[in-house]
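Here's a quick tour of one protein chain, taking in its pockets, its charged pairs and a bit of its surface. Keep the 3D view open while you read.

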Amino acid sequence: MSKDEKDKVQIIDKDLDLSNAGRGVWLVKVPKYIAQKWEKAPSNMDVGKLRISKTPGQKAQVSLSLTPAVLALDPEEKIPTEHVLDVSQVTKQTLGVFSHMSQAEMAANNGKENSTTPAVSDNEKLYMEGRIVQKLECRPIADNCYMKLKLESIRKASEPQRRVQPIDKIVQNFKPVKDHAHNIEYRERKKAEGKKARDDKNAVMDMLFHAFEKHQYYNIKDLVKITNQPISYLKEILKDVCDYNMKNPHKNMWELKKEYRHYKVEEKKEEDDQKSGSSDSE
């Protein structure tokens, strides 16, 4: 980032509450089915019970049991209720938990319903909730309920994303085109060319010579209109009496071969060459 870009960055000062900075908190990784249950639960519901068993000389054993109230949120979905938490210490890094609350939310919490402070990010307050001292990974006990849940997840993952589904009525949303415009144009062009009768080659050459007396260069479309001949037949004759330009400035244009050109400029040049040749001989 350049110095000018840094100067354009807006710096916003916010208050940070560090009253809970010394508190130790746990970072727990839970299975997806538990997270989905907890998201549906209201804020005042007990979602689980944590048990910590300490044995001298051994690591503390931590377990989690989901409450019946959480399981009742969706009774048809059977999920494991008993879980073991594997504990690991946080070393070589410092992790913290932060939260934020806008001025409007703080006013509501304080009972100030008529507060006029806008709920924007510039007016929010930051809190440090604590420092992470342990990481825990929640894993279910491998009972019959967990095995059924795992089997169902494997079955859903193996289902194809797309399926062939028979329909009993015509779908009108994407009605196929009966015929495309370029196909119709091609058939009409071929039909028109088929009606063109091939004239005598000498007659076609006369028409070409007469056309090239007016202009030096023509494209194939113009020559087809002038001679009214099939394009394949016309090209055969053009190859005999004309050259096809492959370079600019007259790319893709036809012109007469040198032996068939009779332009006034060339005739005048030949006369000048003859005069200069006779003067040199004298």
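What follows goes through pockets, then salt bridges, then a nonpolar patch.

Bear in mind that this is a predicted model.

**Pockets**

Let's start with the largest pocket, which has a volume of about 270 Å³. Its lining is made up of Lys32, Tyr33, Gln36, Glu77, Leu149, Glu152, Ser153 and Lys156. Helix H2 (32-40) and helix H5 (144-158) each put in at least two of the lining residues, and H5 gives the most, with four. Sorted by class, that lining comes out as four charged, two polar and two nonpolar residues.

The second largest pocket holds about 220 Å³ of space. Here 13 residues do the lining, and Lys59, Ala60, Asp86, Val87 and Ser88 sit nearest the centre. Strand S4 (61-66) and strand S5 (82-89) each supply at least two of the lining residues, with S5 giving the most, six. The class split for this pocket is seven nonpolar, four polar and two charged.

**Salt bridges**

Side chains of opposite charge can pair when their charged atoms come close. In this model there are eight salt bridges; here are some of them.

| Salt bridge | Closest N to O |
|---|---|
| Glu129 and Arg23 | 3.2 Å |
| Glu77 and Lys37 | 3.9 Å |
| Glu159 and Arg163 | 3.6 Å |

Glu129 and Arg23 form a salt bridge. That pair links distant parts of the chain, with Glu129 in strand S7 (residues 124-140) and Arg23 in the loop between strand S1 (16-17) and S2, 106 residues apart. Glu129 counts as partly exposed at 24% relative accessibility, and Arg23 is partly exposed at 40%.

Glu77, one of the residues lining the largest pocket, has Lys37 as a salt-bridge partner. Glu77 lies in the loop between helix H3 (68-71) and S5, while Lys37 belongs to helix H2, so the pair ties together parts 40 residues apart in sequence. What about cover? Lys37 is buried, because its relative accessible area is 2%, whereas Glu77 is partly exposed at 29%.

Glu159 and Arg163 also meet in a salt bridge. Salt bridges with shared partners join Glu152, Arg155, Glu159 and Arg163 into one network. Within this network, Glu159 is partly exposed at 29% relative accessibility, and Arg163 is exposed at 63%. Glu152 is also one of the residues lining the largest pocket.

**A nonpolar patch**

Finally, Trp26, Val28, Leu50 and Ile52 make a nonpolar surface patch of about 340 Å². Strand S2 (24-29) and strand S3 (48-53) are the elements giving two or more residues to the patch. Val28 is in strand S2 and, at 37% relative accessibility, counts as partly exposed.

Key. Residues are numbered from 1 along each chain as its sequence is written. This is a predicted model: local features need pLDDT of at least 70, side-chain atom pairs count only at pLDDT 80 or more; totals for chains, interfaces and linings use all residues. Side-chain values use heavy atoms; hydrogens and water are left out. Patches are made of residues with over 30% relative accessible area and no salt bridge: like charges are joined within 9 Å, nonpolar side chains (Val, Leu, Ile, Met, Phe, Trp, Tyr) within 5 Å. Accessible areas come from the Shrake-Rupley method with a 1.4 Å probe; for residues, only the protein chains shown count as cover. A salt bridge is a side-chain nitrogen of Lys or Arg within 4 Å of a carboxyl oxygen of Asp or Glu. Buried means under 20% relative accessible area, exposed over 50%, partly exposed in between (1.4 Å probe, protein chains only). On a 1 Å grid over the protein atoms alone, a cavity is a set of points where a 1.4 Å probe fits but cannot get out, and a pocket is an open set with protein on both sides within 12 Å along at least five of seven lines; lining residues have an atom within 4 Å of a point. Grid points are joined across faces, edges and corners, and a volume is the space filled by probe spheres set on the points. Ala, Val, Leu, Ile, Met, Phe, Trp, Tyr, Cys and Pro count as nonpolar, Asp, Glu, Lys and Arg as charged, and the others, Gly among them, as polar.
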